[in-house]
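I opened this one to see how the chain is divided and what surrounds the ligand. Notes follow in the order I looked things up.

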Amino acid sequence: MLRDVSTPTGPRAVTAVAPAKINLHLAVGDVRADGFHELVTVYRAVDLWEEVTVAIEAAGPDDETAGSEDDVAGPDDDVTVAVSGPGADQVPTDRTNLAARAVDLLREEVGSYARIAIRIRKGVPVAGGMAGGSADAAAALVATDRLLGLGLSRAELEQRGSRLGSDVPFCIRGGTALGTGRGEELATLLHARGEQHVVVALAAGGLSTPVVFGELDRLRAERGAAEQGDGRAVPRAGGTERLVQALAGDDPAAVAALLVNDMEPAALSLMPALRRTLRAGREAGALGGMVSGSGPTCLFFCADREHAIAVAAEISESGVAREVRITSGPVGGARITSDATGDLDHDHVGGAPSAGDPTGK
Ligand SMILES: C[C@@](CO)(OP(=O)(O)O)[C@H](O)COP(=O)(O)OP(=O)(O)OC[C@H]1O[C@@H](n2ccc(N)nc2=O)[C@H](O)[C@@H]1O
Ligand SMILES: Nc1ncnc2c1ncn2[C@@H]1O[C@H](COP(=O)(O)OP(=O)(O)O)[C@@H](O)[C@H]1O
């Protein structure tokens with residue numbers, strides 16, 4: 001099954017893209033014994049993309065030693081990572097990079113010694129609650145599978161992805177899906193085809209996902225005693241049925257009325273300035289606004305693209321956001337955009353559909 005990566009035939013560099021996600025519904029349950037929280041979420045892939053190129057620099061000397069200890073974790077320079085685009089300086093370039101971990105996972109599985117160069121172009125806000133790192137892992141898995149000739153199915157790639165992060169399987173799958181477990185168990189929502197146009201307001205700085213989950217636990221514990229009715233309780237989202245029904249239709253206002261994010265109070269507690277951002281979006285006439293996942297990016301849902309452009313302009317003018325973008329969804333999941341022969345050649349690397357383009361188009 002494993003292609004001989006030392007031969008000059010076949011792709012020597014593969015580029016894949018993977019989309020950002022938003023959570024239209026994010027219900028967070030209690031923390032589990034493994035430290036993760038039980039989630040019920042409606043994921044949607046939107047038109048902001050990470051682009052990952054995975055290239056073979058040189059093959060290892062003796063693939064026949066596959067299975068020896070050496071091939072399990074190669075020396076540090078076996079996999080190199082270069083990152084470009086907005087926020088690149090906040091992304092690790094060592095083996096902890098999720099794209100590098102994805103490459104390692106597949107190399108380890110087949111005992112490949114190939115030296116790999118990874119190039120990431122960021123198009124998703126870093127640490128913004130839109131799964132940029134997970135999208136890197138998703139794109140890297142898809143690209144490495146092709147590069148090493150593994151031929152894994154989408155389901156097999158998603159299963160590998162779940163070992164790298166809860167959001168990774170969805171970044172592979174794309175579209176709209178119900179996520180359960182810690183977010184990695186997916187069921188595609190085939191009828192949820194209504195399009196959403198969304199204004200994305202980036203904050204100055206990021207929020208750490210585990211810190212926001214921790215803050216939610218803290219708030220719930222602190223206010224738990226008050227859940228009898230003094231209004232201080234941290235709300236918990238109900239079921240997804242009505243939202244799923246609304247997503248099958250073409251009324252963006254009906255969808256906007258049903259958006260919910262249990263993590264929002266925790267993100268607001270850690271970054272109170274986000275209240276101003278949410279207020280600015282409401283005042284700009286958005287149909288609905290919410291913090292994106294663990295934040296601090298805020299999302300504003302609009303009637304159509306023209307409406308989104310108007311809302312974006314007003315939010316931008318109000319000065320509450322570091323940067324404002326427009327995007328839409330659903331879009332598909334991770335896919336290969338270039339399967340080049342020869343050394344890593346950036347002129348041949350297909351551009352991500354919208355990486356770095358503020359309009360998302
Ligand atoms: C909250 C969500 C909502 O989609 O995304 P973001 O908004 O951060 O992008 C996700 O659950 C984030 O998924 P992801 O970023 O892949 O998280 P992981 O790497 O799996 O986990 C990072 C850490 O977050 C916490 N975590 C994550 C998922 C989960 N269901 N419960 C958790 O408590 C754990 O502390 C874990 O160690
Ligand atoms: N490719 C990557 N590999 C590893 N970490 C990453 C990668 N991209 C971003 N990060 C880091 O992971 C953390 C979360 O980033 P990101 O995935 O962009 O946001 P979020 O988890 O909020 O959706 C940040 O600290 C960021 O530096």
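Domains first. The domain assignment splits the chain into domain 1, residues 13-190, and domain 2, residues 196-329. I'm working from a predicted model here.

Next I checked the spacing: the centres of domain 1 and domain 2, taken over C-alpha atoms, are 26 Å apart. I then pulled the contact between them, and it draws on 25 residues of domain 1 and 29 residues of domain 2.

Which elements give two or more residues to the side of domain 1 that touches domain 2? I got β1 (13-31), β2 (37-58) and β5 (176-180). I sorted the residues on that side of domain 1 by type and found 17 nonpolar, 6 polar and 2 charged.

Then the annotation. An unreviewed UniProt entry lists residues 97-175 as "domain: GHMP kinase N-terminal". I looked at that span in the model: 58% of residues 97-175 is helix and 9% is strand, and the end C-alpha atoms sit 25 Å from each other.

Last, ligand 2. I find 19 residues around ligand 2, and the ones that come nearest are Asn-97, Leu-98, Gly-132, Gly-133 and Asp-136. Two elements each give two or more residues to this shell, α1 (98-110) and α2 (132-147). The largest share comes from α2, with 4 residues. By type, I have the shell around ligand 2 down as 8 nonpolar, 10 polar and 1 charged.

Definitions and conventions: Residues are numbered from 1 along each chain as its sequence is written. Chains are lettered from A and ligands numbered from 1 in the order in which they are written. This is a predicted model: local features need pLDDT of at least 70, side-chain atom pairs count only at pLDDT 80 or more; totals for chains, interfaces and linings use all residues. UniProt positions are given in the numbering used here, feature names are shortened, and annotations may be inferred rather than shown by experiment. A residue is near a molecule or strand if its C-beta atom, placed from the backbone, lies within 6 Å of it. Ala, Val, Leu, Ile, Met, Phe, Trp, Tyr, Cys and Pro count as nonpolar, Asp, Glu, Lys and Arg as charged, and the others, Gly among them, as polar. Domain bounds come from an automatic or database domain assignment. Two residues are in contact if their C-beta atoms, placed from the backbone, lie within 7 Å.
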